[in-house]
2 protein chains.
Amino acid sequence: MKNRILLAIVVLLVIPIFLHAQQKQKTVKSDPLPSWNTGTSKKAIINFVTKTTTEGSDDFIPVADRIACFDNDGTLWSEQPMYFQLAFAIDRVKALAPQHPEWKTTQPFQALLEGDMKTMMAGGENALMQIMMVTHGGLTTEEFEKTVTDWMATATHPQTGKHYNEMIFEPMLELLNYLRANDYKTFIVSGGGVDFIRPWAEQTYGIPPYQVIGSTGKVKYDTLNGKPTLIKLPEINFIDDKEGKPVGIHQYIGKRPVFTAGNSDGDYAMLQWTSTGTGPRFGMIVHHTDSSREWVYDRKSHIGKLDKGLDDALKYNWLVVDMKADWKMIYPFEK
Amino acid sequence: MKNRILLAIVVLLVIPIFLHAQQKQKTVKSDPLPSWNTGTSKKAIINFVTKTTTEGSDDFIPVADRIACFDNDGTLWSEQPMYFQLAFAIDRVKALAPQHPEWKTTQPFQALLEGDMKTMMAGGENALMQIMMVTHGGLTTEEFEKTVTDWMATATHPQTGKHYNEMIFEPMLELLNYLRANDYKTFIVSGGGVDFIRPWAEQTYGIPPYQVIGSTGKVKYDTLNGKPTLIKLPEINFIDDKEGKPVGIHQYIGKRPVFTAGNSDGDYAMLQWTSTGTGPRFGMIVHHTDSSREWVYDRKSHIGKLDKGLDDALKYNWLVVDMKADWKMIYPFEK
C-alpha cells in the first residue's frame with residue numbers, strides 16, 4: 001500500500017515536470033514564422049536571431065543592445081491608396097466641417113469636402129500639412145486619444161471594408177513576437193504621428209506607447225477650468241522621416257539599433273544608420289510586390305516610394321522581402 | 001528496496017519545490033526598503049505599491065499603466081554645490097581651453113578659467129547656456145558618450161572626494177528596485193541633458209537609455225568621411241523642466257504616470273500632472289533636511305528651489321520625505 005502511495009506521488013510529481021519539458025521542447029522546435037514561406041528571407045531572419053542570441057557565438061549581442069526598429073506605414077500595415085492617418089484626417093475634416101462654414105470656400109478644405117481629391121492633392125505638402133494641423137491640434141491629448149480610438153473602431157478601408165488596424169501584416173506580427181521572445185526590444189519609428197499610433201499600437205502590435213517614436217506636434221501644459229491639461233497645438237514639433245529617423249532614434253532610444261525594417265526611401269537613413277554600426281546588423285526592406293493580395297509599387301510611387309533603397313540594398317546587405325513570394329498570408333483576417 | 005528508491009525519488013523531487021517555496025516566502029517577507037526608517041513615509045510607499053498591485057483591490061493598477069517617473073538632480077543623486085552636469089561642463093571648458101585662446105578674454109569663459117565663480121555666475125542663465133552649448137555641441141553622439149563615460153570614471157566631487165555617480169541615494173535605489181519588482185516601469189524625467197545621463201544611468205540606476213527623458217540639443221544626421229554620423233549641434237531642442245516635464249512625459253512616454261518623485265519646484269508641474277489623474281496616484285518630494293550627511297536647502301536655494309511644492313504638498317497629498325528623519329543611509333558608500 002505504502003508502495004502504491006509513493007508511486008502515485010512520484011507519478012503526480014513527475015507528470016508536470018515531463019509536460020513542462022515537452023512544452024519547452026515544442027516551443028523551441030515550432031516554427032516562429034509560420035506565415036513566411038521557406039526560403040532565403042526566412043532563413044536569413046532566423047539565422048540572424050539565432051546567432052545573435054546564442055551565448056558563445058561570435059555574433060552574440062547582449063540583451064541591452066537588442067534594439068529593433070520598425071517603420072509603420074507599408075512595413076507593419078498597408079498604406080494604400082493613401083496613408084491611413086490621412087484617411088483619419090479627412091474623416092475629421094468632415095466631422096468638424098459644421099463648425100467651420102468658411103471651409104466651404106477655402107482650399108484645400110473645399111476640395112476635400114466635395115470629394116475632389118485631385119484638387120486637394122494638387123495643393124501638395126502644404127495642403128496636407130494644413131489638413132493635419134486643423135485635425136490634430138486644438139484638443140487635449142486625452143480627447144485626441146479618444147478620437148483616434150473611436151475612429152479606429154468604426155472607420156473601414158474603402159477597398160477591403162476592414163478596420164484599418166486589421167490591415168496589418170501577419171508575417172510582421174510574427175517577426176515582432178519572434179524578436180521579443182528572443183529578448184529584443186521592438187520600437188516603432190514612423191513618419192506618422194505618435195499620438196495617432198499609440199492609442200492602438202499596444203493592442204495591435206504589442207508595442208507599448210513609450211516604444212513608439214514618430215512625428216510630433218507641439219504640446220502645451222495648461223490649466224483649463226482649474227484642471228491641468230496637455231493641449232495639442234497646431235504646430236509641428238518634429239518630423240520623424242528620412243534623416244529625421246536616426247535623429248529620432250537617438251533622441252528617444254539613445255542607442256543605435258541592430259535590427260531595422262522599413263519599406264521606403266523614408267527609411268533609408270535609419271537603415272543606413274543601423275547597418276553601418278559595428279558588429280552584426282540586420283536591415284530589411286518590405287517590397288510591395290503582390291497586386292492581388294495587397295498592392296504593387298516601388299520606384300515611381302507617390303506613397304512609399306522605394307528607389308534608392310533598392311539600388312543600395314546589396315551594398316548594405318539589406319534583405320529585400322518579396323511580399324508575393326515570401327509571405328503565405330498578408331493579413332491576419334485571411335486565416 | 002523499491003520502497004527506498006521511491007522514497008529517495010520523492011525526497012529529491014520535493015526538496016527543490018520546498019526550497020523554491022521558502023525562497024518565495026522569504027522574498028515576500030523581507031524588507032524591500034531597508035534604508036528607510038520605519039515611519040509614515042515608508043508605510044505610505046509600501047501601502048501604495050501593495051494596494052495597486054494586489055489583484056482584486058479597488059486600487060489595482062494594470063501592469064501597462066504602472067508608469068513611475070523620477071527627477072534626477074536632487075531626487076536620485078545630490079546636486080550641491082552645483083548641478084553635477086555643470087561640473088562636467090566646467091571640466092570640459094578647461095580641457096578645451098587650449099583650442100580656444102579667445103576664451104582667455106571672453107566671458108563667461110575667462111571667469112571660469114580663472115576660477116572666479118562669482119563673475120561666472122553673475123552672467124546668469126545666459127552665461128550657463130553658453131557654457132553648455134560649447135561643451136555639449138560639436139561632437140558626434142558617440143564621441144560625446146565616451147567623453148561623459150570617461151569623466152564619470154575619473155572626476156570627483158570637491159567635498160566628498162567620491163565619483164559623482166557614487167553620490168546617488170541608496171533609499172531611492174531601493175525604491176526603484178521595489179517598484180520594478182512590482183512591474184512598474186521606471187523612467188527618469190530630468191531637466192538635465194539626456195546625453196549626459198544615459199551613458200551611466202543603466203549601470204547606476206538600472207534604467208535603460210530609452211527610459212531616460214531629459215533636455216536635448218539638436219542633432220544632425222550627416223556623413224563624415226563617408227561614414228554616417230549623428231552630430232550634436234550647439235542648439236537647444238527641448239528643455240525638460242517645469243511645464244516642460246509633463247510635455248516631455250507625453251512626447252516620450254505617451255501615458256500619464258501614476259507615481260512621480262521630485263525634489264524641487266522644477267518638478268511641480270509633473271507632480272501635479274500625476275496627482276490630478278483619476279485613480280490611485282503617488283506624488284513624492286525629497287526634502288533636503290540633512291546638513292551633516294548631505295545638504296539642507298529648500299525655499300531660498302538657487303539650486304533645487306522648493307517653495308511652491310511645499311506649500312501645495314498637502315493639497316495634492318504629496319509625501320514629503322524628510323531625508324534626515326526618514327533615511328538610515330544616504331549614499332551606498334556609507335555601507
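This report covers the pairing of two chains, the domains of chain A and one helix.

The model is predicted: local features need pLDDT of at least 70, side-chain atom pairs count only at pLDDT 80 or more, and totals for chains, interfaces and linings use all residues. Residues are numbered from 1 along each chain as its sequence is written, with chains lettered from A and ligands numbered from 1 in the order written.

**Symmetry.** A turn of 180° and a shift of 0.0 Å along the axis lay chain A on chain B with an RMSD of 0.0 Å (least squares on the C-alpha atoms of residues with pLDDT of at least 70 in both). The copies are thus related as by a two-fold rotation axis. A:Tyr252 is the residue of chain A closest to the rotation axis, at 3.4 Å (C-alpha).

**Domains.** Bounds come from an automatic or database domain assignment.

| Domain of chain A | Residues |
|---|---|
| domain 1 | 34–80 + 164–334 |
| domain 2 | 84–142 |

Their centres, taken over C-alpha atoms, are 28 Å apart. In contact are 14 residues of domain 1 and 11 residues of domain 2 (C-beta atoms, placed from the backbone, within 7 Å). On the domain 1 side, β4(A) gives the most, with six residues (strands are DSSP runs of E, at least two residues; helices are runs of H or I, at least four; both are numbered from the N terminus).

**Helix α3(A).** This helix spans residues 84–96. Its buried residues are A:Phe84, A:Gln85, A:Phe88 and A:Ala89 (buried: 20 or more other C-beta atoms within 10 Å of its own, with C-beta atoms placed from the backbone). Elements covering them include α6 and β2 of chain A.

Technical notes:
Expected span 1.5 Å × (residues − 1). Buried ≥ 20, exposed ≤ 12 C-beta atoms within 10 Å, placed from the backbone. Contact = placed C-beta atoms within 7 Å.
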